Amino acid sequence: MTKTVLITGGAGYIGSHTAFYFSQKGYHPIILDTLIHNQSFDHAWATLLQYDFAERAVLQDIFEQYKPEAVIHCAAEIAVGKSVQQPFCFYENNVSKTISLLDTMLQHNVTNFIFSSSAAIYGDVQLGSIPEEHSKEPVNPYGKTKLMIEMVLQDFQKAYNLNFICLRYFNVAGSLVDHNLHEQHKPETHVLPLLIHAAFEQKPFSIFGNDYDTKDGTCMRDFVHVWDVAHAHWCALQHMQQGNPSDYFNIGSGVGASVRNLIELTSNIAKKEMIIQNSQKRAGDPALLIANVAKAANILKWKPQYSDLHFIIQSAVQSFKKQKE
Ligand code: UFG
């Protein structure tokens, strides 16, 4: 019988790349996704079930029929800015429904859980490289929801023997162009896709704040290629299946880039001028988020291989062009 994993949000950006990674390793991913971005998902290497991940009856059918070795939980509200304006849907989707998913898993003796956590749990950090044990004081509701689930997981591990790995993604970017997997968010709020729109569609790009305490006044982030992130999920499952304890890992490149760095590189790679304007800071944005990835390298045996920023931007540009063909 073909091995399976259940991937919530598996038709989304990170979920679809992760699903494809598992299919390349001989698994058949079962995807639960409501297609909120109106994206098309038509891939023979996965089974798509278009339902909410908190539908207990659907989960029960999946657990009984496919017997997944793990649940990889990527489905979530993700836009940091929206989380400040509309926190309810973040607490509902990212917290309440996730707890319901965990409860249904446990009722069916599915005990391996890989969680899409986030660098946003750390908050406003002054360090140039954040280790996992750094204090966690999220500055936006999005980060708070991710931290809450990390806390729930610790308690569920102790009380119910749930095994988990939390992958704290930094800024995931790039695409796997040759396999028709792309970054598609509606509305798009992420910096690199917006810069590509600025380059090719002459849409003005706004820098959200230019007086942060960073080298050029703009926020700094750590960009990690989505295929490296997909690989991290694979390493997480191996790690769990070898009987290792539940744990938390930063998943980033370990290298910081400012919004201005990104503008310059994207403009060079696209060979386009852009209309750039300075805007107010976006509420909830920390100045600096850069990963220390030593723990993932030592324990998870994961290292980023495709996360050179030039390569990431090139793959995102190619992805944009391919979608326009
Ligand atoms: N930015 C702009 N202009 C824009 C869009 C973004 O200047 O039009 C800036 C933001 O202010 C921020 C940086 O670009 O400083 C990155 O913003 P994104 O919206 O692309 O990403 P975030 O860092 O806010 O959040 C992303 C993911 C989260 C994840 C986080 C971890 O969306 O899910 O990275 O670092 F938690």
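**Loops, a ligand and a helix: a quick tour**

Let me start with K67. K67 is exposed, with a relative accessible area of 55%. The cut-off for exposed is over 50%, so K67 passes. Please keep in mind that this is a predicted model.

Where is K67? It is in the loop that runs between α2 (56-66) and β4 (71-73). Its backbone deserves a look. K67 is not a glycine, yet its phi is positive, at about 45 degrees.

K271 tells a similar story. K271 has a positive phi too, of about 55 degrees, and it is not a glycine either. Find it in the loop between α8 (259-270) and β12 (276-279). Is K271 buried or exposed? Its relative accessible area is 73%, so it counts as exposed, the cut-off being over 50%.

Now to another loop, between β7 (171-173) and α6. P187 sits there. The peptide bond leading from K186 into P187 is cis. Its omega is near 0 degrees.

H182 belongs to the loop between β7 and α6 as well. How accessible is H182? Its relative accessibility is 10%, and buried means under 20%, so H182 counts as buried. Its side chain has polar partners. One is the side chain of N180, with a polar contact of 3.0 Å. Another is the side chain of S319, at 2.7 Å.

Next, the ligand. There are 23 residues around it. Which of them come nearest? They are S118, N171, S206, R221 and D285.

Let's go through some atom pairs. A nitrogen atom of the ligand lies 2.8 Å from a polar backbone atom of S206. On the oxygen side, R282 comes up: an N or O atom of its side chain is 2.8 Å from a ligand oxygen. Y142 also takes part through its side chain, where an N or O atom is 3.0 Å from an oxygen atom of the ligand. How much of the ligand is covered? Taken alone, it exposes 680 Å², and the protein buries 94% of that.

What is the shell made of, by class? It has 15 nonpolar residues, 5 polar ones and 3 charged ones. Two elements to look for are α6 (191-201) and β8 (205-208), each of which supplies at least two shell residues. β8 gives the most, with 4 residues.

The shell also draws on two domains. Domain 1 covers 3-173 + 222-253. Domain 2 covers 177-219 + 255-290 + 311-324. At least three shell residues come from each.

Last stop: helix α1, residues 13-24. Does its length match or miss the expected span? It has 12 residues, so at 1.5 Å a residue it should span 16 Å. The C-alpha atoms at its ends are 17 Å apart, which agrees.

α1 is mostly covered, with 11 of its 12 residues buried. The buried ones are Y13, I14, G15, S16, H17, T18, A19, F20, Y21, F22 and S23. A general point on helices helps when you view one. An α-helix has 3.6 residues a turn, so residues three or four places apart point the same way.

To recap. K67 and K271 are both exposed. H182 counts as buried. The protein buries 94% of the area that the ligand exposes alone. Thanks.

Definitions and conventions:
Residues numbered from 1 in each chain as written. Predicted model: local features only at pLDDT ≥ 70, side-chain atom pairs only at ≥ 80, totals over all residues. Heavy atoms only, no water. Near = heavy atom within 4 Å. Polar contact = N/O pair within 3.5 Å; in protein donor to acceptor, adjacent residues only side chain to side chain. Areas by Shrake-Rupley, 256 points an atom, 1.4 Å probe, with all protein chains shown as cover. Nonpolar A, V, L, I, M, F, W, Y, C, P; charged D, E, K, R; others polar. Domains from an automatic or database assignment. Expected span 1.5 Å × (residues − 1). Buried < 20%, exposed > 50% of the residue type's maximum accessible area, 1.4 Å probe, protein only.
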